[in-house]
Amino acid sequence: FPDLITSMSDLRRLAALHGLARVCETVSDVAASDDQRIRLCALLDGRVMARMEEYLKEPFEDIRHGVFKLLRALAKHVFGLRFLLARAGLVEFLLDRRTETTKYGLEWKFDLIKVGFRIVVVIVCDVLVGLSWSLTKLYV
């Protein structure tokens, strides 16, 4: 996948982006082993992520949509969200509305942020429920 994502052919890039997004969507946080998660994130090494960030700044909607789809599929997982948040400048890019010239671009950015926010809320709720459960045990 990495060589196809950085390929010069638009069709190969599109196929690789959408294919890898499908793979990410099928990986479950619960069922996936740490080894599978590490391999998935290793596919998107610094060179590939840098190239994908360049694609996000290009005016070609189909390529940009493929990158947003892959990022959204990654953001649905705790390990993927951590991976994305570790990328310098990505969050700032997503929050900057001035970089978008189309309504679709704004919607894709918003959707990606919304998916990531849902994961954060789930994590916080799990922590709070676990905390309140353990406090209940202490006071009962």
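A nonpolar core is a set of buried Ala, Val, Leu, Ile, Met, Phe, Trp, Tyr and Cys residues joined through side-chain atoms within 4.5 Å; buried means under 20% relative accessible area, exposed over 50% and partly exposed in between (1.4 Å probe, protein chains only). The model is predicted: local features need pLDDT of at least 70 and side-chain atom pairs count only at pLDDT 80 or more, while totals for chains, interfaces and linings use all residues. Residues are numbered from 1 along each chain as its sequence is written, and side-chain values use heavy atoms, with hydrogens and water left out.

**Exercise 1.** Determine which helix gives the most to the largest nonpolar core.

*Solution.*
Step 1. The largest core holds 31 residues, and Leu44, Met52, Leu70, Leu71 and Leu84 have the most contacts inside it.
Step 2. At least two core residues come from each of several helices, including H2 (10–26), H4 (46–56) and H5; helices are DSSP runs (H or I, at least four residues), numbered from the N terminus.
Step 3. H5 gives the most, with eight residues.

**Exercise 2.** Establish whether Arg64 is buried or exposed, and what it touches.

*Solution.*
Step 1. Arg64 lies in helix H5, residues 61–75.
Step 2. Because its relative accessibility is 4%, Arg64 counts as buried.
Step 3. Leaving aside residues up to four places away in sequence, Arg64 touches Tyr55, Leu56, Glu58, Pro59, Glu100, Gly105 and Trp108 (contact: heavy atoms within 4.5 Å).

**Exercise 3.** Classify the exposure of Ile113.

*Solution.*
Step 1. Ile113 is located in helix H8.
Step 2. Its relative accessible area is 32%, so Ile113 is partly exposed.
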